[in-house]
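Student: I would like a close look at one part of this model, the pairing of its strands, and I would be glad if you took it slowly.

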Amino acid sequence: MRGSAAIVGIGQTEISRDSGRSEWVLALDAIRAALADAGVEPDDVDGLIRYSYDNVTPAMVVRALGIPDVRWFSDIPFGGTAQCGVIAQAAAAIHAGIARIVVVWRALNERSGVRYGRAERHIETDGPVVYAHGDRTPSGQFSGPFGLHVPGQSMALWAQRYAHEAGLDTDGFASVLGKVAIQQRAYANANPAAMMHDRLLDLDGYLAGRMISEPLRLFDYCLESDGAAAFVMTDAATARALRSDPVYVLAAQQSLFPNSEPITVYAEDLMVHSGAGNVAKLYRDAGVGPGDISVAQFYDATSFMVLSDLETYGFAPRAAGWQYVLEHGIGPEAPLPVNTHGGHLSEGYLHGMNHITEAVRQLRGTACTQVRNAEKVLLGCNGASAAILAR
Amino acid sequence: MVIVPKPDALTRPYWDAARAGRLVAQRCNVCSRIWHPPLPSCPACGAQSIVWIPLSGNGVIYSHTIIHHAAHAAVADRTPYLVALVTLDEGPRLVSNILDCPMRAVRIGMRVAVTFQEIAPDIFLPQFRPLEAGVRS
């Protein structure tokens, strides 16, 4: 599949705390922008993919845009697992000849509407009784009654385990996580589209952030956002006919193994979030190694996930990602710049789709903080899904 | 306000046992694998012959977090509170609050034993507390 499909269009709305518009409108705006960027008409679209969490259905998009003949559409479950899952499945459909021009979107009023940092949507109140049901972690019957309710709390449990295995004390861990959050904020300060564009952050400011779920503080967490992003993918030949700078999919994957659901607490080893051999296959499929990666966009639900991702994708050994960050950083001059748009921590939270649009900008040479000679971008969500894109 | 577990067909034996003061988990009758949360068949060999067995109730703290920011209105008056992961001697992992122990004394690697907490009339949660008397408050 290597290089047989390419992204030819990206679109993204304003990212805000209150869009004042429906998710349907946001989705259509992002999709229209991506189609215009690709130079294709709605009539040309024959494939659709969305995150299964999205409230905007394929039928709503087909109806609103008047797309006459969609032959293939798909829903990809989870959040971070969907991030590169949408890339993998769009590329697979194109490679297989099932679809030729595929549109992918994610639209959410996640700040003004249903907030993912709240658990009320999963824990039901029935009169005077509050029930935790199902076995979802967090918030199901085996975690909800104990007060484990949202992914950010599960990640705090991962992070605390990490600190233990890495031998980091509270202050030492804070200095590492703070370095990630501060660098991503600096990237956002250079990105006019970022929610935190005008908000500076230094170590004092980071440490002054209130504790949310120890060891994670306020600025270790992703933002809550309203907005939408979309991209258009097609086969390599069509891509070259459409534009001079297609962004090719070298490899893409999703991963599940027992108790690996992205926010689980049941996996035997919570330091590992990728199936055995999965990352090796990613690099093998792409025909590259970690040393070939110019830029990484890591799914940063929390700052901690950057450390974890550095280990997952072969840039640092187990429990040593923190040393890598202290030694090299993740800034524009680092061996591996990470989350150059500001990421979920400081640009906004579009469920990783804004990491994909940033990856494309880096490879086109149009990013706000452009990495020189960016040739290959790694997208990764802590082992749950990943992709390598190239110009 | 408390959040109570809502048992389903698969999980009812677990909560019924907790009400009777017993910690149980599913075990495969064919290969003897033990697991939690409950599953419809054995994750190791696929057998559907499953029995609920009593566990020792002893384990070790795998991780923990002190939660300062409530994510559900029902626990807004509980913050800060501690959530821990306990890996049982038999292998399964459970979510717990650690009772009879100051939050700041909870450590990864600490040995703990099960106890049962009645959070609402006739509704019991398996909880854990330190085995060593020294760290209890």
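Tutor: Two strands are said to pair if DSSP finds at least two bridges between them, a strand being a DSSP run of E with at least two residues, just as a helix is a run of H or I with at least four, both numbered from the N terminus. This is a predicted model, in which local features need pLDDT of at least 70 and side-chain atom pairs count only at pLDDT 80 or more, while totals for chains, interfaces and linings use all residues. Residues are numbered from 1 along each chain as its sequence is written, and chains are lettered from A and ligands numbered from 1 in the order in which they are written.

Let us begin in chain B, where three strands make an open sheet in the order β3-β2-β4, with antiparallel pairing. Its edges are formed by β3 (34-35) and β4 (50-54) of chain B, each of which pairs on one side only. If you follow β2 (residues 24-28) of chain B alongside β4(B), you will find five bridges in the antiparallel sense, and at one place Cys28(B) stands opposite Ile50(B) of β4(B).

Pairing also reaches across from one chain to the other, for β6(A) is joined by three bridges to β1 (residues 3-5) of chain B, and these two strands run parallel. To find them in the picture, look for Tyr131(A), which stands opposite Val4(B) in β1(B).

That leads us to the wider region where the chains touch, in which 36 residues of chain A are in contact with 33 residues of chain B (contact requires C-beta atoms, placed from the backbone, to lie within 7 Å). On the chain A side, the elements that give two or more residues are β6 (129-132), α4 (151-166) and β7 (211-213) of chain A; of these, α4(A) supplies the largest share, six residues. Sorted by kind, the chain A side holds 19 nonpolar, eleven polar and six charged residues, where Ala, Val, Leu, Ile, Met, Phe, Trp, Tyr, Cys and Pro count as nonpolar, Asp, Glu, Lys and Arg as charged, and the others, including Gly, as polar.

Finally, to place this within chain A as a whole, its domain assignment, which is automatic or taken from a database, gives domain 1 (5-113 + 223-390) and domain 2 (117-147), and the C-alpha centres of domain 1 and domain 2 of chain A lie 30 Å apart.

Methods:
Two residues are in contact if their C-beta atoms, placed from the backbone, lie within 7 Å.
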